[in-house]
Amino acid sequence: MENGRNIDRLIDVMAQLRNPDGGCPWDLEQDFSTIAPYTIEEAYEVADAIARGDMDDLRDELGDLLLQVVFHARMAEEQDRFDFDAVAGAIADKMIRRHPHVFGTDGADTPDAVKQSWEATKAAERAEKGQDESALSGVAMALPALQRAEKLSKRAARVGFTWPEVSWVFKDLDEEVEELRAEIEAGGDPDRLEDEMGDILFVAANLARMLNVDPEKALRRTNRKFELRFRAMEQSFARDGRTLPDCSLDEMDARWDSVKGVENK
């Protein structure tokens, strides 16, 4: 198959890049820890291509992400730990194990039932690995903080530790904002400000969860919106022969509102 030949070709390319005899000096210098940031970055590039609906770019970004998997697998193979085939086999086995309603006799026939079955299987896997039995076990430390906050609160909610309704979250959010305001008025100790700001963000992540909104996706969307508006504002002043440092805050606010007005038409 074409796909099979191409994955074998990619594995061979990586093997040559890591070959001490004629390989790439940069690739040879890398290890798991130095490549990990690139792996995370490539995953975000995939998400960005999806958000933009750019299928050509998505193909390329998925290739970049696959390269990261091949890179890690090659380094592990050099240490006689595992190879790419073992990685593919492990995830295939895991998917079969976690989908007993497809590959076994489990009768889960709704998305909610499938989710419950999935979580039960994951819990059993954690127990087999000797991980602790906390409801929060298995939430990766390396996740972006906002995403991890949402996952932690979701785990807690599964065992009943959550607000009964959304209105209660707003009450808690108001309380956290007041605590931050009080800390600012008290002089703004940096450590205390960080702590209170973190509380606000954590409650905001909980609010997103209760509204079935992905907080990372929501913030990325707002970031894109801010960047588009800011650039449009810059361009608007540039057409007048001006730059932002030449403008007052009132002028920038007015031009910002003008840009938003165009968006809403």
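Me: Where is N212, and what makes its neighbours in the chain count as helices?
Reply: N212 sits in the loop between helix 10 (190–210) and helix 11 (215–239). A helix here is a DSSP run of H or I with at least four residues, numbered from the N terminus. This is a predicted model, in which local features need pLDDT of at least 70 and side-chain atom pairs count only at pLDDT 80 or more, while totals for chains, interfaces and linings use all residues. Residues are numbered from 1 along each chain as its sequence is written, and side-chain values use heavy atoms, with hydrogens and water left out.

Me: Is N212 buried or exposed, and how do you know?
Reply: N212 has a relative accessible area of 73%. Buried means under 20%, exposed means over 50%, and partly exposed is in between (1.4 Å probe, protein chains only). N212 is therefore called exposed.

Me: What is remarked on in the phi of N212?
Reply: The phi of N212 is near 60°, a positive value, and the residue is not a glycine. Most residues other than glycine have a negative phi. D80 also has a positive phi, of about 60°, without being a glycine.

Me: Where is D80, and why is it called buried or exposed?
Reply: D80 is placed in the loop between helix 4 (55–78) and helix 5 (84–97). Its relative accessible area is 71%, so D80 is exposed.

Me: How do you know which residues of helix 8 and helix 11 meet?
Reply: Contact means heavy atoms within 4.5 Å. By that test, L146, Q147 and E150 in helix 8 meet P215, E216 and L219 in helix 11. Sorted by class, this contact has three nonpolar, one polar and two charged residues. Nonpolar covers Ala, Val, Leu, Ile, Met, Phe, Trp, Tyr, Cys and Pro, charged covers Asp, Glu, Lys and Arg, and the others, Gly among them, are polar.

Me: At what angle do helix 8 and helix 11 cross, and what makes an axis here?
Reply: The axes of helix 8 (residues 145–158) and helix 11 cross at roughly 150° and come within 8 Å. Each axis is a line fitted to C-alpha atoms over the stretch in contact, and angles run from 0 to 180 degrees between N-to-C directions.

Me: Why is R148 called buried or exposed, and what does it touch?
Reply: R148, found in helix 8, has 19% relative accessibility, so R148 counts as buried. It touches V139, A140, M141 and L143, leaving aside residues up to four places away in sequence.

Me: What makes R192 and E196 a salt bridge?
Reply: A salt bridge is a side-chain nitrogen of Lys or Arg within 4 Å of a carboxyl oxygen of Asp or Glu. The closest N and O atoms of R192 and E196 are 2.6 Å apart, and the pair is a salt bridge. Both residues lie in helix 10, four residues apart, about one turn of the helix. At 32% relative accessibility R192 is partly exposed, whereas E196 is buried at 5%.

Me: How many salt bridges does a search of the whole structure find, and which residues form a network?
Reply: The search finds 17. A network of salt bridges links R18, R74, E77 and E78.

Me: What makes E227 and R231 a salt bridge, and where do they lie?
Reply: Their side chains meet at 3.1 Å, N to O. E227 and R231 both lie in helix 11, four residues apart. E227 is partly exposed at 41%, and R231 is partly exposed at 46%.

Me: Which parts does the salt bridge of D240 and R255 tie together?
Reply: The side chains of D240 and R255 meet at 3.1 Å, N to O. D240 lies in the loop between helix 11 and helix 12 (249–263) and R255 in helix 12, so the pair ties together parts that are 15 residues apart in sequence. D240 is partly exposed, with a relative accessible area of 47%.

Me: Why is K129 called buried or exposed, and where is it?
Reply: K129 lies in the loop between helix 7 (111–128) and helix 8. Its relative accessibility is 63%, so K129 counts as exposed.

Me: Why is P25 called buried or exposed, and where is it?
Reply: P25 is in helix 2 (residues 25–29). With a relative accessible area of 66%, P25 is exposed. From P25 to T105, C-alpha to C-alpha, the separation is 52 Å in space and 80 residues in sequence.

Methods. Helix = DSSP H or I, 4+ residues; strand = E, 2+ residues; numbered from the N terminus.
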